[in-house]
Amino acid sequence: MPTKQDLSERDICTQFILPALKKAGWDIPTQVREEVSFTDGRIYVRGNKTTRGKRKRADFILYFKPNIPIAIIEAKNNKLSVNAGIQQGIEYSNILDIPVVFSSNGDGFYEHDKTLSNGTIERELSLDNFPSPDELWQRYKKYKGIETEQEEKIVSEDYYFDGTGRSPRYYQQIAINRSVEAIAKGQNRILLVMATGTGKTYTAFQIIYRLWKSGTKKRILFLADRNALIDQTKRGDFRHFKDKMTVIRKKQIDKSYEIYLALYQGLTNYDEDSDAYREFSPDFFDLIVIDEAHRGSAREDSAWREILEYFSNATHIGLTATPKETDEVSNIEYFGEPVYTYSLKEGIEDGFLAPYKVIRVGLDIDLEGWRPEKGKTDIDGHNVEDRTYNRKDYDKNLVIYERSETVAKKITQYLKKHNRFDKTIVFCIDIEHASRMRTALANENSDLMAENSKYVMQITGDNEEGKRELDNFTNPEETYPVIATTSKLMTTGIDAQTCKLIVLDSNINSMTEFKQIIGRGTRINEEYGKTYFTIMDFRNVTDLFADSDFDGEPVRVKEIGEDDDFDTPEEEEQDQETIIDEDGDAIEFDETPPDIIDGGIIEDVRMKYDKVFVNGVNVAILNERVQFLDENGKLITGSLKDYTKQKVKEEFASLDDFLNKWNGTDKKQTIINELAENGIVYENFKEEIGKEMDIFDMILHCAYDMPPLSRKERAENVKKRNYFTKYGEQAKAVLEILLNKYADEGIENIESLNILQVQPFNKIGSPLEIIKLFGGKQQYLNAVAELEQELYKAA
């Protein structure tokens, strides 16, 4: 008879843990979830291929109500102690914001209680004494500081369910619950910091819905600063408000609705006597949600701030991916510390956001500067001032046509090597630069422009044709436009799910703007093959990755010295000074004031931008460097060889350790997967070495300084040993094909039985017939293992 110790972990869950929960009064279908994967598994990039790492998975999560988790249980088999899962459970509870943790091996439960409700943090319980739902709900309320019946009513309000099975991700759930809990306890200024692409609008919808349904907030205003954001919100998550919702347009006010969406520019005329928001009484709104709060709401003299101060009795929730903290602007001073922060780094680690690689392109005139030769004139015949020009001048004060053409050539070269229909955003200095870059890219891609003139489009605040194509650019099902040139319009709030290439040809000194631009590429859409993206940097902007502010906790930027060569605060903040046109669209003030916008003749554009335009300058690429994210979310800045050596030696203390692991593992793919999870980018390193070797030789070479053999060299060595002679003719033919497949594709491919389904194996027989040539499946696998041993013998 099998004993309890013979049972699997799953058997322990079914036969002991679930019955104990039922006995304690838990409703299994509605309050208990088993094997809950709460991350998607980090995406690892290998060349142009990607693979996912392991998901974080809890054995049991217990809920008071759906999306209000109050306890977690980690199960272990009975050979382990009752508290064997407690540390793993505590780690998960810290991530998931859960107060009580249990570990069980089927003999009983071991409890870790952060609320100290029983006078101790840890204790052991019998199977019959598991706490009831009400008992753990009381502990949750203590953990969250929920004291009154009214607070409890608000925080226990149901989420919205649309019948599709969609539910919030764990970090959205935490953000929603913490916001509702803070408001229930009387907090009136809330800041949520969530990386671009993590679903801030869906999070806002659930917060608003729960507060609205509970009657806590009856009239709500959702503020944004761009029409595209309002339209996305109305068509997307907020559509469930149906006829209770309206969009304020043309400053037309209708007070019969409960949910209002508005551009802040649509509520103010910068004139106290005619500001539209003053048609509402100061107490009209109970809740105001400010989307993209970094874009100016915290400035004391901003139009946003005027609106917020007018409705100062309402609760204000600020949503941002990038809290802005300078001496002039502070989100934290206005809203207070964030109630929750979910960073870009966390999103990538959890597999909810796309990782990226960086290509830095150094042009000679950028790295060395450009000084005009004596007598050099611009295209209008005027002398060019004699001084050395650099990156800060190009396309802002000085336009070198050849530089723009070189950038366009490099972008096109990259797309031709990868996929010419990968959605691409090119960030430029201003509207004139975006227009010129569109022309340069159109000329470089004249074949595809001839097929469809929307292959390259300028999408800027002044360009109506381009703005009309914004939805098509962001729609995964639409092929065109493919390349969008822009300056500020697409830096924020645009949901470009399939953008695979971001080109930086603009001088960006603001960490806030930098994070927003990077956020255009972080969304994942696996259905359309978008699992990572590439940043092509022509301005050394990605130096900001090394800044302590990048993805760190918000810190205030102190005043800089007078000798420091940075843009002035006015220049950095110009993008916040937005005005409204007659159609209710925001125009970027730092690009071109509305009375001089002209999308027409290039001559007029040049005059209006006060730039010097020159041509006849030789521009060349001096260097090009590819960088990758490591497992900690930072770029590898040294050589790939040094990085790989470091990571291998962390995994294997010596060459013997590595060889023992390699030779003792039945499937080499297992080791390849483990190395990938540690950030070792095999495909890219192979490209750097320039040799068709497999991962075995890569490790020997970079970590232990041994000369690598190519796969073909290893295959030839096996053939020289006459290793095949002990097999029959057909079995020998199978092994020779496997050897050739190894030489062409690598060790991981020959280990799978699926390889027997492809050519030229079908000329020998079906997979079953081939396996029978060796006497059965196990004998075939033994032959493959022996072939691998021959491959890795010393040459």
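**Exercise 1. Is Phe285 buried or exposed?**

Solution. The structure is a predicted model, in which local features need pLDDT of at least 70, side-chain atom pairs count only at pLDDT 80 or more, and totals for chains, interfaces and linings use all residues. Residues are numbered from 1 along each chain as its sequence is written, and side-chain values use heavy atoms, with hydrogens and water left out.

Step 1. A residue is buried under 20% relative accessible area, exposed over 50% and partly exposed in between, with a 1.4 Å probe and protein chains only.

Step 2. Phe285 has a relative accessible area of 2%, so Phe285 is buried.

Step 3. The value for Phe284 is 7%, and Phe284 is therefore buried.

**Exercise 2. Determine how Phe284 and Phe285 are arranged, and what surrounds Phe284.**

Solution. Step 1. Rings of Phe, Tyr and Trp (its six-membered ring) pair if their centres lie within 6.5 Å; planes under 30 degrees apart count as stacked, over 60 as edge-to-face and the rest as tilted. By this rule there are 37 aromatic pairs.

Step 2. One pair joins the rings of Tyr160 and Tyr209, whose centres are 5.1 Å apart and whose planes stand at 75°, so this pair is edge-to-face. Both tyrosines, Tyr160 and Tyr209, are buried.

Step 3. Phe284 and Phe285 also form an edge-to-face pair, at 4.9 Å centre to centre and with 85° between the planes.

Step 4. Phe284 and Phe285 belong to one aromatic cluster, whose members include Tyr257, Tyr260 and Phe311.

Step 5. A charge sits over a ring if NZ of Lys or CZ of Arg is within 6 Å of the ring centre and within 35 degrees of the ring normal. Arg219 lies over the face of Phe284, at 3.9 Å from the ring centre.

**Exercise 3. Describe helix α7 and its surroundings.**

Solution. Step 1. Helices (H or I, at least four residues) and strands (E, at least two) are DSSP runs, numbered from the N terminus.

Step 2. Helix α7 covers residues 200–213 and has 14 residues. From its first C-alpha to its last, α7 reaches 20 Å, close to the 20 Å expected at 1.5 Å a residue; the expected span is 1.5 Å times one less than the number of residues.

Step 3. Of the 14 residues of α7, 12 are buried, so the helix is largely enclosed by the rest of the structure. Among them are Phe205, Ile208 and Trp212.

Step 4. Gly215, with a positive phi near 80°, follows α7.

**Exercise 4. Which strands stand at the edges of the open sheet of 7 strands?**

Solution. Step 1. Two strands pair if DSSP finds at least two bridges between them. The order of the sheet is β11-β12-β10-β13-β14-β9-β15, with parallel pairing.

Step 2. The edge strands are β11 (245–248) and β15 (340–342); each has a single partner strand, so one side of each is left without a neighbour in the sheet.

Step 3. Strand β9 (residues 189–194) and β15 run parallel, joined by 3 bridges. Leu192 has Tyr340 in β15 as its bridge partner.

**Exercise 5. Trace the antiparallel pairing of β4.**

Solution. Step 1. β1 (residues 32–37) and β4 (residues 57–65) pair in the antiparallel sense over 5 bridges, and Ser37 has Arg57 in β4 as its partner.

Step 2. β4 is also joined to β5 (residues 68–75) by 5 bridges, again antiparallel. Here the bridge partner of Leu62 is Ala71 in β5.

Step 3. The hairpin of β4 and β5 has 2 residues between the strands, and Asn67 in this hairpin takes a positive phi near 75°.
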